[in-house]
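Biologist: I am new to this structure and would like to learn how to read its features one at a time. Could we begin with a single residue and move on from there?

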Amino acid sequence: LFDGVYPFYVQQRKVSVFDVSTIIVIVVFLTFACSFLLIIPGIRGRARLYWTLRVLLSLVMGAVIVAVQFTGDWETGWVKVNTSYKSFSHVLVNVDVGLHVGLAGVNVTLMGNPVNQVNETIDYNEHFAWSFNADYDHSYSEGLERGLPSPILYVAEKFTTQSPCNMHRQYRISSHYASATLWVAFCTWLISNMLFSMPVLVYGGYMLLVTGAFMIFSLLSFSTVRNSLMCPMQFGTAVLHISYGGSFWLTLAIGLLCFVAGIAVVALHYFNLDLLKTFFDLHEDKAEEDQEMTEVYVNPHFVNKGL
């Protein structure tokens, strides 16, 4: 005991889906959006609506590309079970066991029904990182030393390098390449915004298509974990099944949105360039375009000489 309390949590817990990095990303992009909304009244006419649609849509794309790097719900699963709570104990507890898989690691959640059972508060969440600068097996060993509940250790053990399931290597490599392609997508998103600010709109549309392609590539990379055999996570007769979570589907939706926006820009460039320039507020003023010289001053000296 540690001051009369089981020392399960010496360090700070990590939230299963959102963490500090995700909140920072959201706050940064919300700051950009609010800053733009402050200056939008200075834009006159219909261009105000076009600017609002373009800027907010672009910020949503960028925020999603960055935020999903830090979320923990690319794959999720829950199961309600009656299982043992501690090693060398036959006491059973009714709990919900959750598994949240992200690009940087897994979160295992344990929540009691009710929360207070066996004279303890059963409300746990543990993060086990597998990024290339982290040691998953070391995190698992620390969990053993701290005496984490048996359901958490059972699920976490499936992803260790020593586990016969061999899921650690597949998940780690797939997540690494998915993260790398998303960062490339973020770079192409930045380039597309630069091109849209110049009179080369069609190239901005092409870069949006590239952005969508890299987002789809990241999904394909993460989906390769389905090709490997998944060890069953069984608690008695109940089995913990995992499926694609909110971050996966959100990335797919934004990737398809990039494709739609890119195709629309390229199509308008070839079929209705004036409408495209109007939407991006790059149309030329026809009054200046067709402006003619209304008065001509002639030097009579040259006229008299026949010049």
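Modeller: Let us start with L57, which at 37% relative accessibility counts as partly exposed, because buried means under 20% relative accessible area, exposed over 50%, and partly exposed in between, with a 1.4 Å probe and protein chains only. L57 is found in helix 2, where helices (H or I, at least four residues) and strands (E, at least two) are DSSP runs numbered from the N terminus. The C-alpha atoms of L57 and C258 are separated by 9.9 Å, although these residues are 201 apart along the chain.

Biologist: What should I keep in mind about the model itself?

Modeller: This is a predicted model, in which local features need pLDDT of at least 70 and side-chain atom pairs count only at pLDDT 80 or more, while totals for chains, interfaces and linings use all residues. Residues are numbered from 1 along each chain as its sequence is written, and side-chain values use heavy atoms, with hydrogens and water left out.

Biologist: How many salt bridges does the structure hold?

Modeller: A salt bridge is a side-chain nitrogen of Lys or Arg within 4 Å of a carboxyl oxygen of Asp or Glu, and the structure holds 2 of them. In one, K86 pairs with E120, with the closest N and O atoms 2.7 Å apart. K86 lies in the loop between strand 1 (75-84) and strand 2 (92-101) and E120 in strand 4 (residues 120-129), so the pair ties together parts that are 34 residues apart in sequence. In the other, the side chains of R146 and E126 meet at 3.2 Å, N to O. Here R146 belongs to helix 3 (residues 136-146) and E126 to strand 4, 20 residues apart.

Biologist: Is E126 buried or exposed?

Modeller: E126 counts as buried at 4% relative accessibility, and R146 is also buried, at 15%. In the K86 pair, E120 is buried with a relative accessible area of 13%, whereas K86 is partly exposed at 25%.

Biologist: How is empty space found, and how much space lies in the largest pocket?

Modeller: Rolling a probe the size of a water molecule over the atoms shows where empty space is left. A pocket, on a 1 Å grid over the protein atoms alone, is an open set of points where a 1.4 Å probe fits, with protein on both sides within 12 Å along at least five of seven lines; lining residues have an atom within 4 Å of a point. The largest pocket holds about 690 Å³ of space, and of the 28 residues that line it, the closest to its centre are R54, V55, S58, F196 and F280. Helix 2 gives the most to this lining, with 8 residues.

Key. Points joined across faces, edges and corners; volume = space filled by probe spheres on them.
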